Amino acid sequence: MEALFLRVAVLSLTGSAVLLPLLLLSGRIHHRYAAKTCYFLWLLLALRLLLPFQFPLPQPAVTVETPVYPVSLPASTVTADTHMTGPGAGGSAGNPAAPEPVPQERSTVRQVSLTVLGAWVWVAGTAGFLLWQAVSYAVARRSLLRRSLEAGGAAESLLESLRAELGVTGRAALRRAPGLPTPMMLGLVRPVILLPGREMEPEQLDVVLRHELVHLRRRDVAYKALLLLTNAVHWFNPLVWWMVREASRNLELCCDDEVVRAKDAGFRRRYGEILLHTAAGCRAPALSTYFGGGKKLLKGRLANLFQKKKNSAAAVC
């Protein structure tokens, strides 16, 4: 465990040297390159941060040993000490009045290195992060599905028609959740598309279902699960939290690009109008995609619909 922790720490440190300039320049990168380029960029970085192998490096000129801190722990053995209580003190072994040895506890000192302490803290933090995310997701899913209703025959028929049109092989249940501020797709193993309880116009419903089906076809929830795992392993690194947030926002731009690809300007305008009327900010659970978002994200998505950007494998490299 100690060796694994050291590898993760080195990965996090070396990865930060790449993450920091990329995150600081993320605005320019998103302005110049298509969301698909950024998609692969964040994907490769997340995979690199999860793979524990290291590239060979030259021998360092100076090495520093990690400090060792003494920790007092209860002794596992006892020592016999003589306690003189009666007039027979000092008698021979055969003397019945001879004192009996009284066991006394002693303490011992173990040397615990800083890396061992760090490894235990890292494991505890990773386990706590994953447990919190799992519980939060389970509670949110149960709450949403418990109050959800059948979507209705017309919506189901439209979903099947669009699934065939878009070539989506996976399936997702379709339900309405009263009180839900924005449409979303929830779940990695058993995905469910949730619509707000209010009735939606046919054109709005068509755009929303296209958006969520593209997420399903692209397996974007699995992408978010990978980001979540990277965040769990490197929970102590604020740059990784920043990267996960940027990658999640970019995921929605990727989905928008896919939906409006090969569409005319009229469709893009209608798509933007539906985004404005249907999207809303919400605190989405883990392992979910959502049609809405905050003001900053919504502004970026609207601008992205009408901007010409280029894909570049060289930029990713």
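**A tour from strand S6 to the surface**

Begin by selecting Leu194, which lies in strand S6 of this predicted model. With a relative accessible area of 0%, Leu194 is buried, because that value falls under the 20% cut-off. Next, show what surrounds Leu194: leaving aside neighbours within four places in sequence, its contacts are Leu144, Leu145, Ser148, Arg175, Leu180, Pro183, Met184 and Leu186. Add Arg176 to the selection and draw a C-alpha to C-alpha distance to Leu194, which comes to 5.4 Å although the two are 18 residues apart in sequence.

Now turn to the largest nonpolar core, which has 42 residues, and select Leu174, Ile193, Leu195, Leu209, Leu213 and Tyr271, the members that touch the most others in it. Colouring by element helps here, since two or more residues of this core are given by each of H4, H5 (153-166), S4 (173-177), S5 (184-186), S6 (192-196), H6 (202-218), H8 (238-260) and H9 (265-278). Of these, H6 supplies the largest share, with seven residues.

Centre the view on Leu174, which, not counting residues up to four places away in sequence, touches Ala151, Ala155, Glu156, Leu159, Ile193, Leu195 and Leu209. A second core, separate and made of 24 residues, can be picked up through Leu22, Tyr223, Val240 and Val244, which are among its members.

Finally, move to the surface and select Met1, Trp120 and Val123, which together make a nonpolar patch of about 310 Å². Val123 is found in helix H4 (residues 114-146), and with a relative accessible area of 30% Val123 is partly exposed.

Methods:
Residues are numbered from 1 along each chain as its sequence is written. This is a predicted model: local features need pLDDT of at least 70, side-chain atom pairs count only at pLDDT 80 or more; totals for chains, interfaces and linings use all residues. Side-chain values use heavy atoms; hydrogens and water are left out. Patches are made of residues with over 30% relative accessible area and no salt bridge: like charges are joined within 9 Å, nonpolar side chains (Val, Leu, Ile, Met, Phe, Trp, Tyr) within 5 Å. Accessible areas come from the Shrake-Rupley method with a 1.4 Å probe; for residues, only the protein chains shown count as cover. A salt bridge is a side-chain nitrogen of Lys or Arg within 4 Å of a carboxyl oxygen of Asp or Glu. Helices (H or I, at least four residues) and strands (E, at least two) are DSSP runs, numbered from the N terminus. Buried means under 20% relative accessible area, exposed over 50%, partly exposed in between (1.4 Å probe, protein chains only). A nonpolar core is a set of buried Ala, Val, Leu, Ile, Met, Phe, Trp, Tyr and Cys residues joined through side-chain atoms within 4.5 Å. Contact means heavy atoms within 4.5 Å.
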